[in-house]
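Hi everyone, thanks for making time for this. I'd like to walk you through one structure, so please have the viewer open.

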Amino acid sequence: MSRLAIRADLLDFTADPGWSAPSDVSPGLRWRPDHWLLVDGGRIAGAQPEAPDTSWLRHDHRGRLLMPGFIDTHVHMPQLEVIASYGTELLHWLETYTFPAELRYADPAVCAAGSSRFLDALLMHGTTAAVVFPTVHKASVDALFAAADERGMRLVAGKCLMDRNAPPGLTDTVDSAERDSTALIERWHGRGRLAYAHTVRFAPTSTDAQLALAGRLLAAHPGTYLQTHVAENRDELAWVAELFPDARSYLDVYARHGLIGARSVLAHGVWFDADDRALLGRAGAQIAHCPSSNLFLGSGLADWRALEDAGAAVSLASDVGGGTSLSMLRTMADAYKVQALRGVRLPAWKALHAATRGAAVALGLDREIGSLDVGCMADLALWQYAVGPVATARDEAASSLHERVFALMTLGDERNLVSTFVAGRCLYGA
Ligand SMILES: [Zn+2]
């Protein structure tokens, strides 16, 4: 049946709720307790307090929370195997754990198994859309897009570009990168719910010639994205300064090749100065803030508010395997702690917005994902407010909606998830 109605508490956003003290009537917050969300042909068709007629397949989940599926704007498909690896900072971590794991993706069978496992794991954490790094291998992109297409998921990804400073089995060349990228764009970009991202691993693993190629490809293929890492860690910053002595800053390495624009998704952005932030703001670029990864690898504390004040968009990302969980709830809890160390309190509304509608707006996809607007795809996650005696006691003691949802964001994880829907199809739970 293509007409589905789900009864639950509906929570989403119509605008950015901002940083001011959260309340149960914060601007931008849309709270519809005990409503039926109507889904027709995979899209949201409406919401109403009264039950729809029996021509709708009705799921009664009263007392549970229904939100848009989360959008993880930076995560690595081949790194599930190295999540929770001990003892290193970024550069040593790449060398010791990440590159060896990614080498295995030369094998198409590993790519196929890894892609399915990865996408099912996202769904199992309530994440329905993502901006993803596969590996340098063309087969890893084919496998990831094929698996996403099978599930009907919204995915942004592309072949990693890396033509130096990596093991031989993990490098390409400018020519092979151009050939492979062009073939992949033709095959996948715009098919189903897939979009291509020119994927510069990070400045140290690309020559100037390859960065220039990425700029040319981005300009030549409207609607594609650019994703990379920037200013994550201080040793990395020093290395970039050595490799690109003429650049004003790390960000400038990318900017001079035309890589910083409204369709750029830049992970981290921990170590920026005011000029960098102003450049991001002028370009309308997006920082994928990865608090769990930044804490785990000891990278630093990103200044979310300063980025936004400069006009940059900020979304939230797990950055698994640098991050330690695919759960966007746990990512939000870590974001709260990172901002607390900077003396700023992150409201639950702001965090949830960044992981739903905020990310969708920054990606230019807000007509499709990120909210419960009529016409959006029914990418949904259904949650229990509390699981286990501690969270349940905390939930019962809450005296406002924000208090309740903030406790969910702080204590919750994938155990709270009841089911995940993609385009109205239940792909996890029941
Ligand atoms: Zn990353």
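Let's start with the metal: which residues coordinate the zinc ion, and through which atoms? Three histidines and an aspartate do it: His74, His76 and His229, each through NE2, and Asp319 through OD. The distances run from 2.0 to 2.3 Å. Before going on, please keep in mind that this is a predicted model.

Now, for those of you who like to think about metal geometry, the angles among the 4 donor atoms span 89 to 169 degrees. The site is classed as irregular because four donors count as tetrahedral only if all angles lie between 85 and 135 degrees, and the square planar class has its own angle limits. In sequence, the spacing of the donor residues reads H-x1-H-x152-H-x89-D. Distant parts of the chain are linked here: histidine 74 lies in strand S5, residues 70–76, while histidine 229 lies in strand S10, residues 225–230, and the two are 155 residues apart.

While we are on the backbone, there are two spots to look at. One is the peptide bond between valine 320 and glycine 321, which is cis, with omega at about 5 degrees. Glycine 321 sits in the loop between strand S13 (313–316) and helix H11. The other is aspartate 34, a residue other than glycine with a positive phi, near 45 degrees. You'll find aspartate 34 in strand S2, residues 29–40.

On to the helix packing, and I have three pairs for you.

The first pair on my list is H3 (residues 138–151) with H4 (residues 174–188). Their axes are 11 Å apart, at an angle of about 15 degrees. Angles under 35 degrees count as roughly parallel, so H3 is roughly parallel to H4. The crossing of H3 past H4 is right-handed. On the H3 side, the contact is made by Lys138, Val141, Asp142, Phe145 and Ala146; on the H4 side, by Asp180, Ala183, Leu184, Arg187 and Trp188. Sorted by class, that contact has 6 nonpolar and 4 charged residues, with no polar ones.

The next two pairs share helix H15, residues 401–411. How far apart are the axes of H11 and H15, and at what angle do these helices pack? H11, residues 328–341, packs on H15 at about 100 degrees, with the axes 7 Å apart. That makes the two roughly perpendicular. Leu329, Met332, Ala333 and Tyr336 of H11 meet Phe406, Leu408, Met409 and Thr410 of H15. Here the classes come out as 7 nonpolar, 1 polar and no charged.

H15 also packs with H14, residues 388–397: the axes come within 9 Å and cross at roughly 165 degrees. H14 and H15 are therefore roughly antiparallel to each other. As H14 passes H15, the crossing is right-handed. Ala391, Arg394, Asp395 and Ala397 of H14 meet Glu403, Arg404, Ala407 and Leu411 of H15. The residues of this contact include 4 nonpolar and 4 charged, with no polar ones.

To recap H15, then: its contact with H11 has no charged residues, whereas its contact with H14 has 4. That's my tour, and thanks for listening!

Methods: Residues numbered from 1 in each chain as written. Predicted model: local features only at pLDDT ≥ 70, side-chain atom pairs only at ≥ 80, totals over all residues. Heavy atoms only, no water. Axes fitted to C-alpha atoms, helices over the stretch in contact; angles between N-to-C directions. Helix = DSSP H or I, 4+ residues; strand = E, 2+ residues; numbered from the N terminus. Parallel < 35°, antiparallel > 145°, perpendicular 65-115°, else oblique. Left-handed = near helix turned anticlockwise from the far one by under 90°. Contact = heavy atoms within 4.5 Å. Nonpolar A, V, L, I, M, F, W, Y, C, P; charged D, E, K, R; others polar. Donors = N, O, S within 2.8 Å, 3.2 Å for Na, K, Ca; no water. Tetrahedral: all angles 85-135°; square planar, octahedral: opposite > 155°, others 65-115°.
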